[in-house]
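The following account leads through the structure shown below, moving from one residue and its surroundings to sheets, helices and charged pairs.

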Amino acid sequence: MKIYVNGQSRDIQEHACVSDVIADLELTGKKIAVELNQEILPFQQHASHVLQAEDRLEIVHAIGGGQTDSFVLAGVTYHSRLLVGTGKYKDLEETRLAIEASGAQIVTVAIRRTNIGQNAGEPNLLDVISPDKYTILPNTAGCYTVDEAVRTCRLGRELLGGHNLVKLEVLADQKTLFPNVAETYLAAEILVKDGFDVMVYTNDDPIAAKRLEDIGCVAVMPLAAPIGSGLGIRNPYNILTIIENANVPILVDAGVGTASDAAIAMELGCAGVLMNSAIAEAKNPILMASAMRKGIEAGREAYLAGRMPRKRFASASSPIDGLFF
């Protein structure tokens, strides 16, 4: 016999009661509420009410505020707005602990030639950062041409069994690590046509950001400052303009140095922030990862709350009415 539980069809035995379904779902004894065919079913009736074919159950529980605040990338919903990299840590154990402390769901990795025996016993990053737990985001770090970037993305997709989400960056030179925007346009066009979901690193130019969106990138990631500089957001009004004109998520990528930088990015309205050096190069990377998580959350809440207007002169917070002198 078929019924529906939270919108999904489920086969049950005839003459089964609501309590039987709850037991099958391992929810017995949990704090839940049940609605049967859009009518509340009191707890006392769970064991006696016999279900009929096509009955519809809604089973709900309470969650903490904020858990519904999420953003979508390539059709997937994420609740953590902090994306982290995996480079520059002292070892894989520190990498693992820092990523766990960050609360990140998306972890970006570089694609490099594998160890074929030259470093016996060298561990594999994916043994520590499991694709079963995290969304692994292959990036094209170190690529300076369209061909290098496209080849790297295709190898990353093969490595991850057909995973299409990639982070594209085509660099201009080794000193600044600024993006080569012209090459980035070309690489993005090829990858989008090839079925990739492209998150793209670019400069903080609103015109370039809009063109990359028009090409079909699923997210645009303007730099806050040069990669690894830790200078924070140098052109906040450019970032704000990009956000205001965008129809895809905008995430700050590169240049963040500390938690207040992350908070500022979120206060501007960014969907998230991607960082690596700011955590990995901190004196205590695991503690900094936790700080970044809190900075992201604080900045997001401040954005949603709406800050007070800036004023040139003072405005007393205590009322003047009722003074006794």
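**Thr108 and its surroundings**

Not counting residues up to four places away in sequence, Thr108 touches Val84, Gly85, Thr86, Leu137, Pro138, Asn139, Lys167 and Leu274. The model in which these contacts are found is a predicted one. Thr108 has its place in strand 9, which covers residues 106-110. With a relative accessible area of 6%, Thr108 is buried, because the limit for a buried residue is under 20%. The strand around Thr108 shares this setting: 4 of the 5 residues of strand 9 are buried, so strand 9 is largely enclosed by the rest of the structure.

Two of the residues touched by Thr108, Val84 and Gly85, belong to the range of strand 8 (residues 82-85), and strand 8 pairs with strand 9 in the parallel sense over 3 bridges. Within this pairing, Gly85 has Thr108 as its bridge partner in strand 9. Gly85 is thus listed among the contacts of Thr108 and is also joined to Thr108 by a bridge.

Another contact of Thr108 is Lys167, and this residue leads to a group of charged side chains. Lys167 is buried, with a relative accessible area of 6%. The side chains of Lys167 and Glu169 meet in a salt bridge, with 2.8 Å from N to O, and both of these residues are buried. Lys167 also meets the side chain of Asp253 in a salt bridge, here with 3.0 Å from N to O. The pair of Lys167 and Asp253 links distant parts of the chain: Lys167 is in strand 11 (residues 165-168) and Asp253 is in strand 14 (residues 251-253), 86 residues apart. Asp253 counts as buried too, at 3% relative accessibility.

Side chains of opposite charge can pair when their charged atoms come close. A search of the whole structure finds 10 salt bridges. Elsewhere in the chain, Glu93, Arg96, Glu100 and Lys133 are linked in a network of salt bridges.

A further charged pair accompanies the packing of two helices. Helix 4 (residues 146-159) and helix 5 (residues 181-193) pack at an angle of about 35 degrees, and their axes are 9 Å apart. The crossing of these two helices is right-handed. On the side of helix 4, Val146, Val150, Cys153 and Arg154 take part, and they meet Glu183, Leu186, Ala187, Ile190 and Leu191 of helix 5. By class, this contact has 7 nonpolar residues, no polar residues and 2 charged residues.

Arg154, one of the helix 4 residues in that contact, also forms a salt bridge with Asp194, the closest N and O atoms being 3.0 Å apart. The salt bridge links distant parts of the chain, since Asp194 lies in the loop between helix 5 and strand 12 (197-202) while Arg154 lies in helix 4, 40 residues apart. Asp194 counts as partly exposed at 26% relative accessibility, and Arg154 likewise counts as partly exposed, at 41%. In the pair of Lys167 and Asp253, by contrast, Lys167 is buried and Asp253 is buried.

The account now turns to an open sheet. It is formed by 5 strands in the order 2-1-5-3-4, and the pairing is mixed. Its edge strands are strand 2 (8-11) and strand 4 (39-40), each of which pairs on one side only. Strands of a sheet pair through backbone hydrogen bonds, either parallel or antiparallel. Strand 1 and strand 2 pair in the antiparallel sense over 4 bridges, and Ile3 stands opposite Arg10 in strand 2. The hairpin of strand 1 and strand 2 has 2 residues between the strands, and Asn6 there takes a positive phi near 50 degrees.

Strand 1 (residues 2-5) also pairs with strand 5 (residues 56-60), in the parallel sense and over 2 bridges. In strand 5, Arg56 is the bridge partner of Tyr4 and Leu57 is the bridge partner of Val5.

Val5, a residue of strand 1, counts as buried at 9% relative accessibility. Leaving aside neighbours within four places in sequence, Val5 is in contact with Arg10, Val21, Leu25, Leu57 and Ile59. Among these contacts, Leu57 is also the bridge partner of Val5. Val5 and Leu168 are 163 residues apart in sequence, and their C-alpha atoms are 41 Å apart in space.

Conventions. Residues are numbered from 1 along each chain as its sequence is written. This is a predicted model: local features need pLDDT of at least 70, side-chain atom pairs count only at pLDDT 80 or more; totals for chains, interfaces and linings use all residues. Side-chain values use heavy atoms; hydrogens and water are left out. Two strands pair if DSSP finds at least two bridges between them. Axes are lines fitted to C-alpha atoms, for helices over the stretch in contact, and angles run from 0 to 180 degrees between N-to-C directions. A crossing is left-handed if the near helix is turned anticlockwise from the far one by less than a right angle, and right-handed if clockwise. Contact means heavy atoms within 4.5 Å. Ala, Val, Leu, Ile, Met, Phe, Trp, Tyr, Cys and Pro count as nonpolar, Asp, Glu, Lys and Arg as charged, and the others, Gly among them, as polar. A salt bridge is a side-chain nitrogen of Lys or Arg within 4 Å of a carboxyl oxygen of Asp or Glu. Buried means under 20% relative accessible area, exposed over 50%, partly exposed in between (1.4 Å probe, protein chains only).
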